[in-house]
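User: I am new to this structure and would like a close look at a single part of it. Please begin with the overall picture and then work inward.

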Amino acid sequence: MRTVLRSVLNDRPATEPSALPRRAPLPAHHPDPVLDVVVPVYNEENDLEPCVRRLHAHLGETFPYAFRITIADNASTDATPRIAARLAAELPGTDWIRLAEKGRGRALHTAWSRSRAPVLAYLDVDQSTDLAALLPLVAPLISGHSDIAIGTRLARGSRVVRGPKREIISRCYNGLLRGTLAVGFSDAQCGFKAVRRDVAERLLPLVEDREWFFDTELLVIAERAGLRIHEVPVDWVDDPDSRVHILATALADLRGMARIGGALARGRLPLSALRRSGGDLAGELPSGLAGQVVRFAAVGAASTLCYLLLYTVLRPATGAQAANALALLASAIANTAANRRVTFGVRGRGGALRHHLKGLAAFLIGLALTSGSLALLHHTGPGAGRGAELIALVAANLAATLLRFLLLRAWVFPARRTTGPSAP
């Protein structure tokens, strides 16, 4: 048994490490354990033994490589440590560690940091997730196809049994993640995940949370760095004896979202150190068109509202054409800045002036379309009111927005390809 007082991985490296090497499959005959499954526990004297014995039997029957099970005890005060020690002594390939502080993220951070297995995983002690999904979860990591794999209860093909309260909370949480951080994965907090060790070694020093937000933070950073996340639909049955305090966890998650969103917006995370080199497409291609369209649409909706508000305020004092030009100029500057950071992921001040000057060219196209629509409206209907003007401007802005996106993507923020060493 090892007692772990604290992790030393909080210390950030002084210099940013090189990019991750190209993914490769694990050899068919691996001498050491290929998979280390961590079971984090706190006061689980009733569930621990049946969980670990069931897991050990399942892996022994179905997993074709050597494996290890690590029980990570989060400072339990009941009989959990004694049961964990006995299981480690009785079951081959079973280990346990004891932490002095609580926190699921702390347990996973510590256990994964000390493991030498090429593939690291974890599952909750209640085994709400059917173990039949474990091999499909880790297979893409063993084969070299993916960097991280997660179980999802929200994908087509998943079979979930739980009450409406937890179902609504889960869907709202994941919907909020998609709306605020533009994530692409469907289920951030299913207690059933795996990661390649070389990826974990780069990710863990960047993940600050040590509680329930740990999973979400790890996934957000990985996705923003272009790592490949594989999703596995799972069969999942709700545990009625869950120890999660919903309100406290929800507030902590909101704080975590604000913190990671701020870190990404300010460019504080060394995402380039997580990208793959050597011809791995996951690290070389820019973010997908679909994701850019979603983020561009969100920025565009906000800037359009700002534009219409400014136009409405300025119109009585300056007239329609002047109000349109001023409102469009102000919203275009803000739009370029927001798209630079949010849609196309450009950080820092480098090239900012050039980007804004090119953005102004796109603004001139929008100005020509909107001014022309106003002129045409006033020519064909001299008595048109403010409502008709707003409708015409919205229609012209839709056309200008499409042209603006094409210009931003192809000219202002062209895809930046990175080159790495050629594969051997």
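How many helices and strands does the protein have, and where is F185 found?

Analyst: This is a predicted model, and the protein in it has 13 helices and 10 strands. Of its 424 residues, 47% are buried, and among contacts between residues at least 6 apart in sequence, 80% join residues at least 24 apart.

F185 itself is found in the loop between α5 (164-181) and β8 (192-196). Although F185 lies in a loop, F185 counts as buried because its relative accessibility is 2%, where buried means under 20%. Leaving out residues up to four places away in sequence, F185 touches I150, L177, R178, L219, V220, E223, I229 and E231. One of these partners, I150, is 35 residues from F185 along the chain, and the C-alpha atoms of the two are separated by 8.8 Å.

F185 also belongs to the largest nonpolar core, which has 44 residues, and is listed with W112, I148, L218 and I221 as having the most contacts inside that core. Among the elements that give two or more residues to this core are β4 (94-99), α3 (104-114), β6 (148-152), α5 and α7 (214-224), and α7 gives the most, with six residues. I148, for its part, is in contact with residues including A194, V199, L218, L219 and I229, when neighbours within four places in sequence are left aside. A second, separate core has 41 residues, including L35, L55, I71 and I83.

Technical notes
Residues numbered from 1 in each chain as written. Predicted model: local features only at pLDDT ≥ 70, side-chain atom pairs only at ≥ 80, totals over all residues. Heavy atoms only, no water. Helix = DSSP H or I, 4+ residues; strand = E, 2+ residues; numbered from the N terminus. Buried < 20%, exposed > 50% of the residue type's maximum accessible area, 1.4 Å probe, protein only. Contact = heavy atoms within 4.5 Å. Core = buried A, V, L, I, M, F, W, Y, C linked by side-chain atoms within 4.5 Å.
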